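Dear colleague,

I am handing over a structure for you to look at, and my notes on what was found in it follow directly below. Please keep the sequence and the 3D view open while you read.

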Amino acid sequence: MTHQVRAVVARGKGAPVSLETIVVPDPGPGEALVKVEACGVCHTDLHYREGGINDDFPFLLGHEAAGVVESVGEGVTDVAPGDFVILNWRAVCGNCRACRRGRPQYCFNTHNAKQKMTLLDGTELSPALGIGAFAEKTLVAAGQCTKVDRAASAAAAGLLGCGVMAGIGAAINTGNVGRGDSVAVIGCGGVGDAAIAGARLAGAARIIAVDIDDRKLEKARSLGATHTVNSKESDAVEAIRELTGGFGADVVIEAVGRPETYKQAFYGRDLAGTVVLVGVPTPEMKLELPLLDVFGRGGSLKSSWYGDCLPSRDFPMLIDLYLQGRLDLDAFVTETIALEDVEKAFERMHGGDVLRSVVVF
Ligand SMILES: NC(=O)c1ccc[n+]([C@@H]2O[C@H](COP(=O)([O-])OP(=O)(O)OC[C@H]3O[C@@H](n4cnc5c(N)ncnc54)[C@H](O)[C@@H]3O)[C@@H](O)[C@H]2O)c1
Ligand SMILES: [Zn+2]
Ligand SMILES: [Zn+2]
């Protein structure tokens with residue numbers, strides 16, 4: 001059997017997205033069909049639409065989603081119909097060299113659904129990040145469904161599926177922020193703010209938010225920043241050092257993805273400290289640093305994919321903390337919108353007053 005549902009499709013490079021009817025097959029072995037309840041609009045969806053990821057048009061956009069499992073295919077035992085789940089793009093394989101060494105958070109061979117969703121004429125769709133959740137129903141690998149407490153709001157929970165997890169995980173997993181640490185976060189969009197919330201959860205004593213937009217800094221403060229720096233008005237490195245006894249922060253998280261902000265992170269870090277790059281650079285960007293400084297300052301320079309998260313470990317735990325009032329996921333939901341408003345949400349991204357627009361079904 002197949003299902004015909006409404007979905008947001010990007011048909012060609014740079015063209016506005018369109019609302020289409022798509023065909024979603026029943027789940028085969030190892031797959032799950034999910035009735036989507038909410039899906040956040042992420043910059044990565046816009047990158048897909050602009051042809052910045054690859055040329056496999058048409059794309060079925062949307063990947064920060066939560067919903068309810070409607071049916072599962074043969075052999076699926078981890079989730080069952082009726083489960084409330086967050087969709088993830090790290091369904092670990094269990095067999096690659098990372099998994100076999102007990103590091104599934106780095107899995108190099110993650111699973112997606114084998115069957116294809118299509119347009120009505122049979123054209124195969126490429127789901128964004130192997131998910132494709134701007135659709136009333138979507139087909140994923142069962143491992144892409146992580147069961148969490150039904151008490152959570154779908155709009156807030158779905159955000160853990162990508163950007164918010166990337167930020168929280170950059171602090172708590174990759175950066176290994178601990179009690180009493182000083183942390184600076186450069187770039188306070190959804191990802192940077194999530195890193196701030198993660199640093200607070202981990203017990204950081206001082207959290208310095210750096211951005212060029214005062215509105216972003218205000219929001220950052222409400223999520224846990226203890227100090228803010230507008231790096232248009234003052235030098236970011238000097239300001240971070242000043243706020244850390246002249247030394248720099250133990251962990252600096254770069255959440256912009258540019259060489260100049262990476263350099264600020266590098267020099268705003270204390271000796272033997274950690275830099276975490278979570279912002280995504282473009283292919284033409286180059287970084288130049290004195291190698292002697294890379295050596296002499298010690299510590300570690302890391303990058304963070306998806307917050308080095310393990311969905312089965314991190315999603316239920318973070319949802320529990322959210323339900324206890326210790327992690328304000330609702331603060332990341334700026335507005336809830338309808339499926340037909342995704343294009344408008346892309347336009348609003350440039351305005352700087354939205355952390356996340358979330359499609360609610
Ligand atoms: N590593 C991952 O797994 C992962 C996952 C999702 C997103 N990302 C990346 O994280 C980055 C941030 O994403 P987002 O959704 O928060 O984007 P965003 O556009 O909402 O936020 C970017 C923030 O950086 C600020 N900024 C811009 N230039 C700056 C500068 N020179 N100095 C200081 N601040 C500056 C902006 O004012 C804004 O607040 C992007 O590069 C995105 O692609 C990475
Ligand atoms: Zn693996
Ligand atoms: Zn995303």
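Which elements do the buried residues of helix 5 pack against? They pack against helix 4, strand 11 (182–186), strand 12, helix 6 (214–222) and strand 14 (249–254), where packing rests on contact, that is, C-beta atoms, placed from the backbone, within 7 Å of each other. Helices (H or I, at least four residues) and strands (E, at least two) are DSSP runs, numbered from the N terminus.

Before going further, please note that this is a predicted model, in which local features need pLDDT of at least 70 and side-chain atom pairs count only at pLDDT 80 or more, while totals for chains, interfaces and linings use all residues. Residues are numbered from 1 along each chain as its sequence is written, and chains are lettered from A and ligands numbered from 1 in the order in which they are written.

To stay with helix 5, 11 of its 12 residues are buried, so the helix is largely enclosed by the rest of the structure; a residue is buried if 20 or more other C-beta atoms lie within 10 Å of its own. Among these buried residues are Asp193, Ala195 and Arg200. Just after the helix, Gly203 takes a positive phi of about 95°.

Ala195 also belongs to the residues with the most contacts inside the largest nonpolar core, together with Val183, Val185 and Ile253. That core has 118 residues, and a nonpolar core is a set of buried Ala, Val, Leu, Ile, Met, Phe, Trp, Tyr and Cys residues joined through C-beta atoms within 7 Å. Its largest share, seven residues, comes from helix 4. Not counting residues up to four places away in sequence, Ala195 touches residues including Gly167, Val185, Ile253 and Val278.

Helix 5 matters for ligand 1 as well, since it gives the most to the shell around that ligand, with three residues. Of the 27 residues around ligand 1, Ala166, Gly187, Gly189, Val191 and Gly257 come nearest, and a residue counts as near if its C-beta atom, placed from the backbone, lies within 6 Å. The shell divides into 13 nonpolar, 11 polar and three charged residues, where Ala, Val, Leu, Ile, Met, Phe, Trp, Tyr, Cys and Pro count as nonpolar, Asp, Glu, Lys and Arg as charged, and the others, Gly among them, as polar.

Finally, the protein chain is divided into domain 1 (2–161 + 328–360) and domain 2 (167–305), with bounds that come from an automatic or database domain assignment. Seven residues of domain 1 are in contact with eight residues of domain 2.

With best wishes

Definitions and conventions
Contact = placed C-beta atoms within 7 Å.
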